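Student: I have a model open and would like to learn how to read the packing of two helices. Could you walk me through an example?

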Protein chains: 2
Amino acid sequence: MTRGRRATMTSTTQQARRRTPLSRERVLRAAVDLADTAGIDALTVRRLAESLGVEAMSLYYHVPNKEAILDGIVDLVFTEIEGEVGGFQVPETDAAWHDALRVRILGARRVMLRHPWAPALLDSRTGLAPTTARYVDSVVGTLRSGGLSYDLIHHAMHALGSRMFGFSQELGEDDDSGDADLAQLAAMVPHLAAMLAVVRHDDPDSTLGWCDDQYEFEFGLDLILDGLARKRALEAQADAATSTAGTAAEDPRD
Amino acid sequence: MTRGRRATMTSTTQQARRRTPLSRERVLRAAVDLADTAGIDALTVRRLAESLGVEAMSLYYHVPNKEAILDGIVDLVFTEIEGEVGGFQVPETDAAWHDALRVRILGARRVMLRHPWAPALLDSRTGLAPTTARYVDSVVGTLRSGGLSYDLIHHAMHALGSRMFGFSQELGEDDDSGDADLAQLAAMVPHLAAMLAVVRHDDPDSTLGWCDDQYEFEFGLDLILDGLARKRALEAQADAATSTAGTAAEDPRD
DNA sequence: ACCTGAACACCGTTCAAGT
DNA sequence: ACCTGAACACCGTTCAAGT
């Protein structure tokens, strides 16, 4: 390669990319892009550096290690959620808390669907990144605005699990989902095969095994939210019964 | 190392281990042991081979690749569950389906708690290994024994999600869980901090963030099972209304 | 202050070769 | 039939060195 060719190359691709210097911010954005484009397995330190037109070791100046990159892109996803749902603020009290929470979670879900690698990655992280923590905080706040006790809220957070982030983990589709071997399948797993036959009849597009379509997500979410609303009503009853004697307590919750 | 020493070593450790020849079975059992003992990250092909007193490449004679090992140990876990719950058979009809399912799932949970790496690994697998499929089949069968329609069962499977295997994914505990910085925490995530203060007051042993204790798991499980029971009752009502005219239908379900 | 080259200790996997 | 040695193409990360 002659000196002239190298100069040409430098002035176009490489140099253009490096006009803006590297930064934590730019590294993380590139990491999200790479994961979106090529999958989370393709997100290696070396390939990430390449996508930034830089040597692998340069990244370590801006980021301590790969774990920090993974934590960082999870937090970026939650920043995107914050934009999607119009911020994380919650009203003091809200009779429509049930709907508000539903809308917030479905907003988070839309973002998760844009970044298919995010759910598994989020599950694997230990510890809450700052924006993730503020999202969780807004869920607690929304439940509180509906008048639930902190105790019930605590249970609610566990009951929701990953569903509060807009996804539920799914088993992959069975790849041997040819139509012919349904008989063979029935021999090993008769009940499952029978269910699939019915479900498939109703919806020919559904895949064998599990699927994570919007309807199923909302069914499960509503099952939990409705159960929580019922328990909240029970709490309200109990409060009313306790305070028969005098005026309304300052805060009947917890 | 002299010839004599090598001979001694061979007659004790190495040889004893290799008296029984390698097999898929033995490889998988060793893999579970290694994951249990040293963590799932320590489960590399090379270390696994070492634990069997064999060269890494020898494993490839019994198993096609690492993915197959991971699929295999997940299936081994479900074989263990099968033993734990006394088999996967289900009665034709069962008025106590609710309890039966609960007991089965809590049995699965006990096994999962013995193999802390299993939940994350199961989540990462695509496709159902044979024993896993039979477990899922038994869950479908139990719901069917309770008279739920296949449609409702399908929704139920999605609603349960990983909870049907006895776990729900959790965020790791916040490591900055010192008591002092709760004020600092309150500034960033006020609602979360308030909830934790109450929950912690009630149960000083609880950790910051999420925790996966038995109570919370059962709370969430029961919330879903109760919701399903309610929906099943609605289906029964609808069936009764439809068949006002004549005798009982052969199978009122679906 | 920011980036790099060479090197280290690991991975999973192949392929031809040993017994 | 079963196991191995050497090699390949990758990882993440260190450390001293360049500008």
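Tutor: Happily! Let's start with the outcome: α7(A) and α8(A) are oblique to each other, because their angle lies outside the ranges that count as roughly parallel, antiparallel or perpendicular. Keep in mind that this is a predicted model.

Student: What describes a pair of packed helices in general?

Tutor: Two things do: the angle between the axes and the distance between them. Here, helix α7 (residues 130-145) of chain A packs against helix α8 (residues 150-160) of chain A at about 130 degrees, and the axes are 10 Å apart.

Student: Is the crossing left-handed or right-handed?

Tutor: For α7(A) and α8(A), the crossing is right-handed.

Student: Which residues make the contact?

Tutor: From α7(A) come A:V136, A:V139, A:V140, A:L143 and A:R144, while α8(A) contributes A:Y150, A:I153, A:A156 and A:M157. By character, eight residues of this contact are nonpolar, one is charged and none is polar.

Student: Now the wider setting. How many helices and strands does chain A have?

Tutor: Chain A has eleven helices and zero strands.

Student: And how much of chain A is buried?

Tutor: Of its 254 residues, 48% count as buried. As for the surface, chain A exposes about 13,000 Å², with carbon and sulfur atoms supplying 53% of that area.

Student: What about contacts between residues far along the sequence?

Tutor: Take the contacts in chain A between residues at least 6 apart in sequence: 72% of them join residues at least 24 apart.

Methods: Residues numbered from 1 in each chain as written. Chains lettered and ligands numbered in written order. Predicted model: local features only at pLDDT ≥ 70, side-chain atom pairs only at ≥ 80, totals over all residues. Heavy atoms only, no water. Axes fitted to C-alpha atoms, helices over the stretch in contact; angles between N-to-C directions. Helix = DSSP H or I, 4+ residues; strand = E, 2+ residues; numbered from the N terminus. Parallel < 35°, antiparallel > 145°, perpendicular 65-115°, else oblique. Left-handed = near helix turned anticlockwise from the far one by under 90°. Contact = heavy atoms within 4.5 Å. Nonpolar A, V, L, I, M, F, W, Y, C, P; charged D, E, K, R; others polar. Buried < 20%, exposed > 50% of the residue type's maximum accessible area, 1.4 Å probe, protein only. Areas by Shrake-Rupley, 256 points an atom, 1.4 Å probe, with all protein chains shown as cover.
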